[in-house]
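Reader: Hi, I have a new structure open and I would like to go through it slowly. Could you take my questions one at a time?

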Protein chains: 2
Amino acid sequence: MLKRTYDDQVCSIASTLEVVGERWSLLVLRDVFLGVSRFDDLQRDLGIARNVLRDRLNLLVGEDVLERVRYQERPERFEYRLTDKGRDLWPVLHALMSWGDRHVSGAGNEPTIVEHRECGGRLDGRGRCERCGALVDARDVVAKPGPGARPGHPLLSRG
Amino acid sequence: MLKRTYDDQVCSIASTLEVVGERWSLLVLRDVFLGVSRFDDLQRDLGIARNVLRDRLNLLVGEDVLERVRYQERPERFEYRLTDKGRDLWPVLHALMSWGDRHVSGAGNEPTIVEHRECGGRLDGRGRCERCGALVDARDVVAKPGPGARPGHPLLSRG
């Protein structure tokens, strides 16, 4: 059983961090959002120890944020998909990304750009399409390598 | 010098987590957003070791997310205030809170309720006022103890 970090904190921020606040958990979820879904691909992209990745995936599956789906029988191979509960984390990931774009990477140096699938407008810092004004959900988002992307970017390394 | 956790990750989510992703940092910021700004009050509310709190505050001041302001001369006493860069983290905190409200605390059991100062409407999961439709900024938000608040809630323990 994992130690609960924020046990005494009756607070929904603390509750969320109990589920996704472990080191690497949010970057695992970022990768799954970007379409990296298999253990070996996740391990390669994140460059973390296999046991740490396994722990994080098990926790996220246990919390019903990800589901583990077999995509091959012999040998057995699994991939990880977002559940609805996991997909609901999109505003968290987008808010973290927007703040980093603005205050760390800087305008014009964004590693990843996020667009509204329907109209191609970019999302602003609040997740609203700059072109049509819609508040965009995870399902209506297209992520592309941005001007600050480097060769290892998961959206570049795939065909 | 602090070890950078996600050094190899060229990603604005990783960049943000380098600044606010240490254990407790986001809960320190939550407290400052709620108006808990003095070291001893933060320490009491969070119940963490003083050296851990000091580390987190120093990191957040060093990153220009908080500023340290003297409010008393003899003996010298300081409080912590959000900078503009810190206030920009509001969408991150609100997204974490909304997800926890929905998926952990559950509707009707929210520890904290956030309202639009101008019209009193509650904020939805994307930070939009349910009454007037505005996307609400940190400065236009009023936080109140919710139905799931317990005695220790920082908004209950003050006046």
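Reader: Leaving aside its neighbours within four places in sequence, what is A:Ala14 in contact with?

Author: A:Ala14 is in contact with A:Tyr6, A:Gln9 and B:Leu27 once the neighbours within four places in sequence are left aside, where two residues are in contact if their C-beta atoms, placed from the backbone, lie within 7 Å. Please keep in mind that this is a predicted model, in which local features need pLDDT of at least 70 and side-chain atom pairs count only at pLDDT 80 or more, while totals for chains, interfaces and linings use all residues. As for the names, residues are numbered from 1 along each chain as its sequence is written, and chains are lettered from A and ligands numbered from 1 in the order in which they are written.

Reader: Which helix does A:Ala14 lie in, and is A:Ala14 buried or exposed?

Author: A:Ala14 lies in helix 1 of chain A, residues 12–20; helices (H or I, at least four residues) and strands (E, at least two) are DSSP runs, numbered from the N terminus. A:Ala14 is buried, because 25 other C-beta atoms lie within 10 Å. The rule is that a residue is buried if 20 or more other C-beta atoms lie within 10 Å of its own, exposed if 12 or fewer, and partly exposed in between, with the C-beta atoms placed from the backbone.

Reader: How do helix 2 of chain A and helix 1 of chain B pack?

Author: Helix 2 of chain A (residues 25–33) and helix 1 of chain B (residues 12–20) pack at an angle of about 170 degrees, with their axes 10 Å apart. Axes here are lines fitted to C-alpha atoms, for helices over the stretch in contact, and angles run from 0 to 180 degrees between N-to-C directions. Helix 2 of chain A is therefore roughly antiparallel to helix 1 of chain B, since angles under 35 degrees count as roughly parallel, over 145 as roughly antiparallel, 65 to 115 as roughly perpendicular and the rest as oblique.

Reader: Which residues make that contact?

Author: Helix 2 of chain A brings A:Leu26, A:Leu27 and A:Arg30, and helix 1 of chain B brings B:Ile13, B:Ala14 and B:Leu17. By class, this contact has 5 nonpolar, no polar and 1 charged residues, where Ala, Val, Leu, Ile, Met, Phe, Trp, Tyr, Cys and Pro count as nonpolar, Asp, Glu, Lys and Arg as charged, and the others, Gly among them, as polar.

Reader: And how many residues does the contact take from chain B and chain A?

Author: It takes 45 residues from chain B and 44 residues from chain A. On the side of chain B that touches chain A, helix 1, helix 2 and helix 6 (90–105) of chain B each supply at least two residues, and helix 6 of chain B gives the most, with 13 residues. By class, that side of chain B has 19 nonpolar, 15 polar and 11 charged residues.

Reader: What rotation superposes chain B on chain A?

Author: A rotation of 180 degrees with 0.0 Å of shift along its axis superposes chain B on chain A, with an RMSD of 0.0 Å, the copies being superposed by least squares on the C-alpha atoms of residues with pLDDT of at least 70 in both. The two copies are thus related as by a two-fold rotation axis. The same surface serves both copies, as 98% of the contact residues of chain B recur in chain A.

Reader: New topic: where is A:Trp24, and what is its phi?

Author: A:Trp24 is in the loop between helix 1 and helix 2 of chain A, and its phi is near 85 degrees, a positive value in a residue other than glycine. A:Trp24 is buried, with 21 other C-beta atoms within 10 Å.

Reader: Which residues does a cis peptide bond join in chain A?

Author: A cis peptide bond joins A:Arg74 and A:Pro75, with omega about -10 degrees, and A:Pro75 is in the loop between strand 1 (66–72) and strand 2 (77–82) of chain A. In chain B, a cis peptide bond joins B:Arg74 and B:Pro75, again with omega about -10 degrees.

Reader: Last one: how many residues of helix 2 of chain B are buried?

Author: In helix 2 of chain B, 7 of the 9 residues are buried, so this helix is largely enclosed by the rest of the structure. Among them are B:Leu26, B:Leu27 and B:Phe33. Helix 2 of chain B is followed by B:Gly35, whose phi is positive, near 100 degrees.
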